[in-house]
Amino acid sequence: MWRAAAVRTLRGAGAGAPRAASGAAAAAAQLRRRLESELEDIRGAGTWKSERVIVSRQGPHLRLAGGGAGACGGEEEEGSRSLPSVPCPCFSLSVHAGIINFCANNYLGLSSHPEVIRAAVEALEKFGAGLSSVRFICGTQSIHKDLEEKIARFHQREDAILYASCFDANAGIFEALLTPEDAVLSDELNHASIIDGIRLCKANKYRYKHMDMQDLEAKLKEAQKHRLRLVATDGAFSMDGDIAPLREICQLAQKYDALVFIDECHATGFLGPNGRGTDELLGVMDKVTIINSTLGKALGGAAGGYTTGPKPLIDLLRQRSRPYLFSNSLPPAVVGCASKALDLLMESNAIAQSMAAKTQRFRSKMTAAGFTISGKDHPICPVMLGDARLASVMAEDMLNRGIYVIGFSYPVVPKGKARIRVQISAVHSDEDIDRCVEAFTEVGRKHGALS
Ligand code: PLP
């Protein structure tokens, strides 16, 4: 059969290139039709994700490109209103209070911190644009080693390994660590990258109901037959703003001889008295074995991710973890940003602590206005609306009032649980937060979300 196909192919080639080319052209045309129809389906389902273009730095105040609704007209005007130039509350930058940004993961406002930017420029000048190599061939510089050491120290762990992203860290850990003899128990609402990482490994897989400790215990009992059990959970869940019950998870892990892995992307830098994360907040730093987190959110916001934990695990990841072995080293400028962000956090806990009061202000004012805010004590504040269209129309109308927020609906969140997600940053001023609440109140009344 293979021979017959090979002979046909050879005859086809012998008969001249045009036939082969038209075959390829037909295949390309067929693919194009299929893709266009798939794109149409996405549009038809109302789940199309469009991207707004920012023409300024990331920060609490933004300029958006284009003349569309809510786009900031720069120095002169935004929409029909004249906009004042105001000092940025954190770093004495003069910015235009055009769009107030409530949808970035820039929790500590370090993305545009002058010292973070300077550190990136210095690293770029001293170490160049990039390594043109993976780490183990020709891609490890002293700054990579310094940053790994700093991350381990920050989390009080033995060692750390850098990745191009936390998505990669999650994609690389489970396959390297777990075999068919082992088991992984994963919260059903874990981040997509944890789900994908678990799919790649050959361990026995258990999915427990979201933050449901009875279900986790039942699954741990079932998993006793395996050599090793690893409970994997987000420290803080980004769609609901809720925090994993780590104390209870660690108690169950203790009872059933399991290890605990947490993804701290929405916790590192600002949860806990010193911003170490969920494990510090809940007093279980010594009970969580493995932490994966990102450099692309609170820690400067550039890019990059890491695993930190026991040294033999980190050593093994350097040998076996595919996204580490087969992807380029982090660029020096990116390393410089994250390194400086960690320095700032380790020098003082004032930045980390500045989050809580802002979050509390928003949550309590919105609740008093009549809105339901999901989660607790986390700067991710989902304003629950239920209806997908309402969430989308209200988010658009918020932008018309200079407040940049995003509506989420099915399939990103469950049907009937549409919401607008608001993310508070340490560099929002009280006035920013109050303007956001006022705009929500106006828009909520206009669209019938508030009586
Ligand atoms: N894990 C969680 C919980 C996240 O929210 C994200 C990013 O959205 C990631 C992992 C991936 O992080 P990175 O952007 O560093 O790939």
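This dialogue explains how to read several features of the structure shown above.

Visitor: What kind of model is this, and how are its residues numbered?

Guide: This is a predicted model, in which local features need pLDDT of at least 70, side-chain atom pairs count only at pLDDT 80 or more, and totals for chains, interfaces and linings use all residues. Residues are numbered from 1 along each chain as its sequence is written, and side-chain values use heavy atoms, with hydrogens and water left out.

Visitor: How many residues surround the ligand, and which are the closest?

Guide: A residue is near a molecule if one of its heavy atoms lies within 4 Å of it. Here 13 residues surround the ligand, and the closest are Cys166, Asp263, His266, Thr294 and Lys297.

Visitor: How does the shell around the ligand divide by residue type?

Guide: Ala, Val, Leu, Ile, Met, Phe, Trp, Tyr, Cys and Pro count as nonpolar, Asp, Glu, Lys and Arg as charged, and the others, Gly among them, as polar. By this scheme the shell holds three nonpolar, seven polar and three charged residues.

Visitor: Which helix gives the most to the shell around the ligand?

Guide: Helices (H or I, at least four residues) and strands (E, at least two) are DSSP runs, numbered from the N terminus. Helix α6, covering residues 166-177, gives the most to the shell, with three residues.

Visitor: Which polar contacts does the ligand have with Cys166, Phe167 and Asp263?

Guide: A polar contact is a pair of N or O atoms within 3.5 Å; within protein, one must be able to donate a hydrogen and the other to accept it, and residues adjacent in sequence count only if both atoms are side-chain atoms. A backbone N or O atom of Cys166 lies 2.8 Å from a ligand oxygen atom, and one of Phe167 lies 3.0 Å from an oxygen atom of the ligand. For Asp263, an N or O atom in the side chain is 2.6 Å from a nitrogen atom of the ligand. Taken alone, the ligand exposes 390 Å², of which the protein buries 81%; accessible areas come from the Shrake-Rupley method with a 1.4 Å probe, and for residues only the protein chains shown count as cover.

Visitor: Is His378 buried or exposed?

Guide: Buried means under 20% relative accessible area, exposed over 50%, and partly exposed in between (1.4 Å probe, protein chains only). At 0% relative accessibility, His378 counts as buried. His378 belongs to the loop between β17 (372-373) and β18 (380-386), and its side chain reaches the backbone oxygen of His266 at 2.7 Å.

Visitor: Which residues other than glycine have a positive phi?

Guide: Two examples can be given. Met211 has a phi near 55° and is placed in the loop between β10 (204-208) and α8 (213-222). Met211 is partly exposed, with a relative accessible area of 26%. Asp257 has a phi near 50° and lies in the loop between α9 (246-255) and β14 (258-263). With a relative accessible area of 55%, Asp257 is exposed.

Visitor: Where is the peptide bond from Tyr410 to Pro411, and what is its omega?

Guide: That peptide bond is cis, with omega near 10°. Pro411 lies in the loop between β20 (406-408) and β21 (418-423).

Visitor: How far apart in sequence and in space are Gly370 and Ser451?

Guide: Separation along the chain and separation in space are two distinct readings. Ser451 and Gly370 are 81 residues apart in sequence and 8.4 Å apart in space, C-alpha to C-alpha. Gly370 lies in the loop between α14 (350-369) and β17 and is partly exposed at 47% relative accessible area. Ser451 lies in the segment after α16 (430-446) and counts as exposed at 94%. Gly370 also pairs with Thr441, 71 residues apart in sequence and 8.6 Å apart in space, C-alpha to C-alpha.

Visitor: Where is Cys201, and is it buried or exposed?

Guide: Cys201 is in the loop between α7 (192-200) and β10, and at 3% relative accessibility Cys201 counts as buried.
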